[in-house]
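Visitor: Could you walk me through the spaces and one helix contact here, and tell me what each term rests on?

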Amino acid sequence: QTENGVLLPSLQYALPFLDLHGTPRLEFHQSVFDELREKLLERVSAIALEGKVEERYKKLEDLLEKSFSLVKMPSIQPVVMCVMKHLPKVPEKKLKLVMADKDLYKACAVEVKRQIWQDNQALFGDEVSPLLKQYILEKENILFSNDISFLQNFFSPSPKTRRQGEVVQKLTQMIGKNVKLYDMVLQFLRTLFLRTRNVHYCTLRAELLMSLHDLEISEICTVDPCHKFTWCLDACIREKFVDNKRARELQGFLDGVKKGQEQVLGDLSMILCDPFAINTLALSTIRHLQDLVGQDTLPRESPDLLLLLRMLSLGQGAWDMIDSQVFKEPKMEAELITRFLPLLMSFVVDDHTFTVDQKLPSEEKGPIPYPSTIPEAFTKFLQENRIACEIGLYYILHITKQRNKNAFLRLLPALVETFSDLAFSDIFLHLLTGNLTLLGEEFALEEFCTSLFDGFFLTACSRKENVHRHVLRLLLHLHHKVAPTKLESLQKALEPTKQSGEAVKELYNQLAEKLELRKPSPAEVTETPSMELPLPTVPTPASR
């Protein structure tokens, strides 16, 4: 006991004093041990920063060699883990022992795990996979949220806010400055995008790069050829518009892809396929088209517009490019520029003409009706050309946001059949339902409801569960505005089938509860006729 005790002369008299207070010797030794361990941890962290690089790491390696045999002792484990954390290269043998023991692997710092992961892709994949699933789920929850508003939607959060999300932050921490791990994550994202066609993986690709950019991790940013392009595009997404200066920069990056480096187009296309990028490019395109109407200029004469279309085309072709491994910019169809965009501009002109006509004094011939027919070419473009379809859908969102009921009802039939059912995609329906809240008063009209529900939504409800969910979301928000008879028929039409998922059933039950609450109580219903009963007995002048 004397040999292994704390050899301080002054302690000989202090320890009996502790005995008098009933403090066990174990408690005393434990507190001394804890104190010494804290001091040792501080010293290890200090050694990692002082002296020459070779010397400091030699000291730590010696310390690891001496202490590693005690790694499974809970009291010593933090010291061993701290030494490993500060070593840039832990000996291979030690890493294998840590990897083989679940508890040790769990306890070691992320700096040590990075060294394990970089040579063990499967293990890294197991760590990353739940995070990627969580990320996709979070995006889908926003798209199907019951809060419908034209002010707050899927695209409202700024890029910087989105990058603070839990998944992006965790992935950023797991990667650190390790280029190999960063490449692995990008490979996972490419593979998953190919397997699922889910565009949210493209968002994560861009967010991850910009998160590392925020932390100024030059080790990764300088080797990712998409860094400057993504940085510039990120600024455009923040403003929700591509201005002339940034358009020139983006064009410079695209034109600067050298021969032999075409593979970078695969990554650039994935970054442009991010829904936040597509949203910015499409909104900018609509704005440009309106400006061109005012300037009496044709689309083919606007280089800025042609660049937006080029980037939209590259983004929309991302899946095909990565799948085929043919890294070439997709060819732009001339008809898109010479026929489709002028068609859209003619719709803008129709609106202006109609507005002016309404203000003119009406002559005997009566008011001029709003044009109700859609050119056949417009419908055909929406069915056969992906970029035309995307721009057309954004134009419809634009007129809905302007509360332009006439234009909306005119173009709505063209949405029933679109290129790969884009009009029934979650992002479009999420934005459309939000914008339709601005036309809330129109839901009282039978004609409007028939066009919207029977003519559009219900055509796809039975074959597409997501459409069923979006219609129920909309009705949960606007049911009090819909005419009662129409509401009743909609309730019947939207009743879930046995095949319907839980989400649809849950939404339908919520709607049924709300409608039940709106029905007048039975007491009120029976009272009304009883008040009318005496009326026929009152004598009238005709009966005298």
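Guide: Sure. This is a predicted model, where local features need pLDDT of at least 70, side-chain atom pairs count only at pLDDT 80 or more, and totals for chains, interfaces and linings use all residues. Residues are numbered from 1 along each chain as its sequence is written, and side-chain values use heavy atoms, with hydrogens and water left out.

Visitor: What makes a space a pocket or a cavity?

Guide: On a 1 Å grid over the protein atoms alone, a cavity is a set of points where a 1.4 Å probe fits but cannot get out, while a pocket is an open set with protein on both sides within 12 Å along at least five of seven lines. The largest pocket holds about 910 Å³ of space, a volume being the space filled by probe spheres set on the points.

Visitor: Which residues lie nearest the centre of the largest pocket?

Guide: R197, V199, R386, L422 and S425, out of 35 lining residues (those with an atom within 4 Å of a point). α22 supplies the largest share of this lining, five residues; helices here are DSSP runs of H or I, at least four residues, numbered from the N terminus.

Visitor: How do the residues of that lining divide by class?

Guide: Into 18 nonpolar, nine polar and eight charged. Asp, Glu, Lys and Arg count as charged, Ala, Val, Leu, Ile, Met, Phe, Trp, Tyr, Cys and Pro as nonpolar, and the others, Gly among them, as polar.

Visitor: What gives the most to the lining of the second largest pocket?

Guide: α17, with five residues. That pocket has about 460 Å³ of space.

Visitor: How many cavities of 30 Å³ or more are there?

Guide: The count comes to one, with about 90 Å³ of space. Its lining has 13 residues, and A206, E207, D234, I237 and D274 lie nearest the centre. α9 (159-163), α12 and α14 each give two or more residues to it.

Visitor: Why is α12 called roughly perpendicular to α14?

Guide: The axes of α12 (residues 200-214) and α14 (residues 227-239) come within 10 Å and cross at roughly 95 degrees. Axes are lines fitted to C-alpha atoms over the stretch in contact, with angles running from 0 to 180 degrees between N-to-C directions. Roughly perpendicular covers 65 to 115 degrees, so α12 is roughly perpendicular to α14.

Visitor: Which residues make the contact?

Guide: A206, L209, M210 and H213 of α12 meet H227, T230, W231 and D234 of α14, contact meaning heavy atoms within 4.5 Å.

Definitions and conventions
Parallel < 35°, antiparallel > 145°, perpendicular 65-115°, else oblique.
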